[in-house]
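Please work through the exercises below with the sequence and the structure side by side, trying each task before reading its solution.

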Amino acid sequence: RPGSHGPGDSDSDSDEAGRTAPWLALPREQRQLAGDLRAMYEDPPCVLLDPSDGRVVTKGWKAVEYGPDYWPFDPEAMARGRAQDKAEQEALARSKEEEERRRQEAELRKRLQ
């Protein structure tokens with residue numbers, strides 16, 4: 001069944017991924033098996049196979065984090081995923097900096113009143 005039941009997925013995240021992702025994952029009903037695998041492995045392995053050519057993606061969790069838009073997780077798609085991650089991290093950092101600047105300005109205005 002398609003899905004992305006990886007570490008840290010919330011139910012709603014993995015339910016949505018399960019409807020749209022082109023890869024197979026454990027069905028929700030097999031949570032016990034997923035728990036057993038997590039107990040056996042600190043971070044259960046996730047290996048992806050490209051059905052068109054049998055190429056193996058060994059960094060499966062990272063690939064799955066990028067989402068189905070990056071399928072079949074070839075080197076170019078992974079590079080796009082890394083670039084998207086970097087852009088999102090930079091945007092988050094700018095947002096935090098802006099929030100801190102606004103907080104400091106508000107504090108300064110308060111002191112000047």
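The exercises that follow deal with a predicted model, and each task is paired with a worked solution.

**Exercise 1. Describe the overall make-up of the chain and say where the confidence is lowest and where it is highest.**

Begin with the elements: the chain has 4 helices and 2 strands, and from the N terminus on they follow the order α-α-β-β-α-α. Next, turn to burial and surface, where 22% of the 113 residues count as buried, while the chain exposes about 8500 Å², of which carbon and sulfur atoms supply 52%. Then consider the confidence: the average pLDDT of the chain is 76, and 74% of the residues score at least 70. The lowest confidence falls in helix H1 (residues 11-20), with a mean of 56, and the highest in H4, with 92. Over residues 1-8 the pLDDT is below 50, although this stretch has 30 contacts in the model beyond near neighbours in sequence. Where pLDDT is low, the predicted coordinates should not be read in detail.

**Exercise 2. Locate cysteine 46, decide whether it is buried or exposed, and find which nonpolar core it belongs to.**

First, find the position: cysteine 46 is in the loop between helix H2 (31-40) and strand E1 (48-49). Second, apply the cut-off, under which a residue is buried when its relative accessible area is under 20%; cysteine 46 has 15%, so it counts as buried. Third, look at its surroundings, where, leaving aside residues up to four places away in sequence, cysteine 46 touches Val57, Thr58, Lys59, Gly60, Trp61 and Val64. Lysine 62, which is 16 residues apart from cysteine 46 in sequence, is 9.1 Å apart from it in space, C-alpha to C-alpha.

Finally, place the residue in its group: Cys46 is part of the largest nonpolar core, which has 10 residues in all, among them Leu48, Val57, Val64, Tyr70 and Phe73. Helix H3 (60-66) and helix H4 (75-112) each supply at least two residues of this core, and the largest share, 3 residues, comes from H3. In soluble globular proteins, nonpolar side chains tend to be buried together.

**Exercise 3. Identify which residues make a nonpolar surface patch of about 280 Å².**

The patch is made by Val47, Leu49 and Val56. To place one of these residues, note that valine 47 is in the loop between H2 and E1.

**Exercise 4. Trace the salt bridges in helix H4 that involve arginine 101, arginine 102 and arginine 103, and find which residues are joined into one network.**

Start with arginine 102, whose side chain meets that of glutamate 98 in a salt bridge (3.4 Å, N to O). Because these two residues are 4 residues apart in helix H4, about one helical turn separates them; glutamate 98 is partly exposed, at 27% relative accessible area.

Continue with arginine 103, which forms a salt bridge with glutamate 100, their closest N and O atoms being 2.5 Å apart. This pair is 3 residues apart in helix H4 and therefore separated by about one helical turn. Both partners are partly exposed, glutamate 100 at 32% and arginine 103 at 43%.

Then take arginine 101, which pairs with glutamate 105 in a salt bridge whose closest N and O atoms are 2.3 Å apart. Both lie in helix H4, 4 residues apart, or about one turn of the helix, and arginine 101 is partly exposed at 35%, as is glutamate 105 at 33%. Through salt bridges that share partners, Glu98, Arg101, Arg102 and Glu105 are joined into one network.

Methods: Residues are numbered from 1 along each chain as its sequence is written. This is a predicted model: local features need pLDDT of at least 70, side-chain atom pairs count only at pLDDT 80 or more; totals for chains, interfaces and linings use all residues. Side-chain values use heavy atoms; hydrogens and water are left out. Buried means under 20% relative accessible area, exposed over 50%, partly exposed in between (1.4 Å probe, protein chains only). Contact means heavy atoms within 4.5 Å. A nonpolar core is a set of buried Ala, Val, Leu, Ile, Met, Phe, Trp, Tyr and Cys residues joined through side-chain atoms within 4.5 Å. pLDDT is the predictor's confidence in each residue, from 0 to 100. Accessible areas come from the Shrake-Rupley method with a 1.4 Å probe; for residues, only the protein chains shown count as cover. Patches are made of residues with over 30% relative accessible area and no salt bridge: like charges are joined within 9 Å, nonpolar side chains (Val, Leu, Ile, Met, Phe, Trp, Tyr) within 5 Å. A salt bridge is a side-chain nitrogen of Lys or Arg within 4 Å of a carboxyl oxygen of Asp or Glu.
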